[in-house]
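Me: I'm new to this one. Could you take me through a single part of it, the strand pairing around one hairpin and what packs against it?

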Amino acid sequence: MSTTYPGTIMSAAVALFLSIGLNAHADMVNKSQKKLEAEASHQLTGTVQRTYEQKETRNKFEYTHGVAEVAVEAVGKGTDIEKGDRVFVRYWKKRWIGRGNPPTDHYGHSNIPQKSDKLEIYVKGDRRSGFDALSPNGFYKSR
C-alpha cells in the first residue's frame with residue numbers, strides 16, 4: 001500500500017510553479033500579419049543585402065541596435081518606396097545579462113534578419129525620418 005504525503009506533494013508543486021514563473025519573462029505577443037499591415041505605413045518584400053549592428057551594455061542588459069539593408073522586390077503598401085529601391089530598416093533587441101531572472105519587459109524584435117533572407121517587412125516611417133520595423137515581429141519570411 002502506498003502512502004501519499006500531501007505536504008510533500010504540495011511543496012513539490014509550489015517549487016515547480018515558482019521555478020517556471022521565475023524563469024519566464026513576458027515579452028510582447030507577436031501580431032498577426034493582418035494587424036501588422038493595418039499598423040504599418042509601408043509593407044514591402046525584399047532580400048536583405050547586409051545588416052549593420054552595434055551592441056552596448058547598460059542596466060544589466062546587452063542591447064543590439066541594427067539596420068537591415070533591403071533590396072525592394074515588391075511594395076504592398078506605401079507611396080515613397082518602389083521596386084528596385086534600397087531601404088534601410090531599423091530594429092533592436094535586448095538580452096538580460098544580469099544575475100537572477102530577467103524582469104518582465106519588451107525584449108525587442110523577433111526574427112532578426114540575416115544576409116540573403118527574403119522577407120515581408122512591415123514598417124512605420126518615411127524616406128526622410130527612416131523606417132522602423134514594427135515590434136515585435138515586423139520581419140516575416142516570404143512565402
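Reply: Let's start with the hairpin: E4 and E5 form one, with 3 residues between them. Strands here are DSSP runs of E with at least two residues, numbered from the N terminus. Before going further, this is a predicted model, where local features need pLDDT of at least 70, side-chain atom pairs count only at pLDDT 80 or more, and totals for chains, interfaces and linings use all residues. Residues are numbered from 1 along each chain as its sequence is written, and side-chain values use heavy atoms, leaving out hydrogens and water.

Two strands pair if DSSP finds at least two bridges between them. E4 and E5 (residues 130-133) do so in the antiparallel sense over 4 bridges, and Lys124 stands opposite Asp132 in E5. E4 also pairs with E6 (residues 139-141), antiparallel again, over 3 bridges; there, Glu120 has Tyr140 as its bridge partner. Then comes E1: residues 42-58 form this strand, and it pairs with E4 (residues 118-126) in the antiparallel sense over 6 bridges. In that pairing, Leu44 stands opposite Ile121 in E4.

Now, what packs here? Leu44 and Ile121 both turn up in the largest nonpolar core, which has 16 residues; along with Val70, Val87, Val89 and Phe139, they touch the most other members. A nonpolar core is a set of buried Ala, Val, Leu, Ile, Met, Phe, Trp, Tyr and Cys residues joined through side-chain atoms within 4.5 Å. E1, E2 (61-77), E3 (86-96), E4 and E5 each supply at least two residues of this core. As a general point, nonpolar side chains in soluble globular proteins tend to be buried together.

Zoom in on Leu44 for a moment. Setting aside residues up to four places away in sequence, Leu44 touches Val70, Val72, Ala74, Val75, Ile81, Val87, Leu119, Glu120 and Ile121, where contact means heavy atoms within 4.5 Å.

Next door is Gln43, also in strand E1. Is Gln43 buried or exposed? Gln43 is buried, because its relative accessible area is 10%, and buried means under 20%, exposed over 50% and partly exposed in between, with a 1.4 Å probe and protein chains only. Leaving out neighbours within four places in sequence, Gln43 is in contact with Val75, Gly76 and Lys77, as well as Glu120, Ile121 and Tyr122. So that's the picture around the hairpin: E4 pairs with E5, with E6 and with E1.
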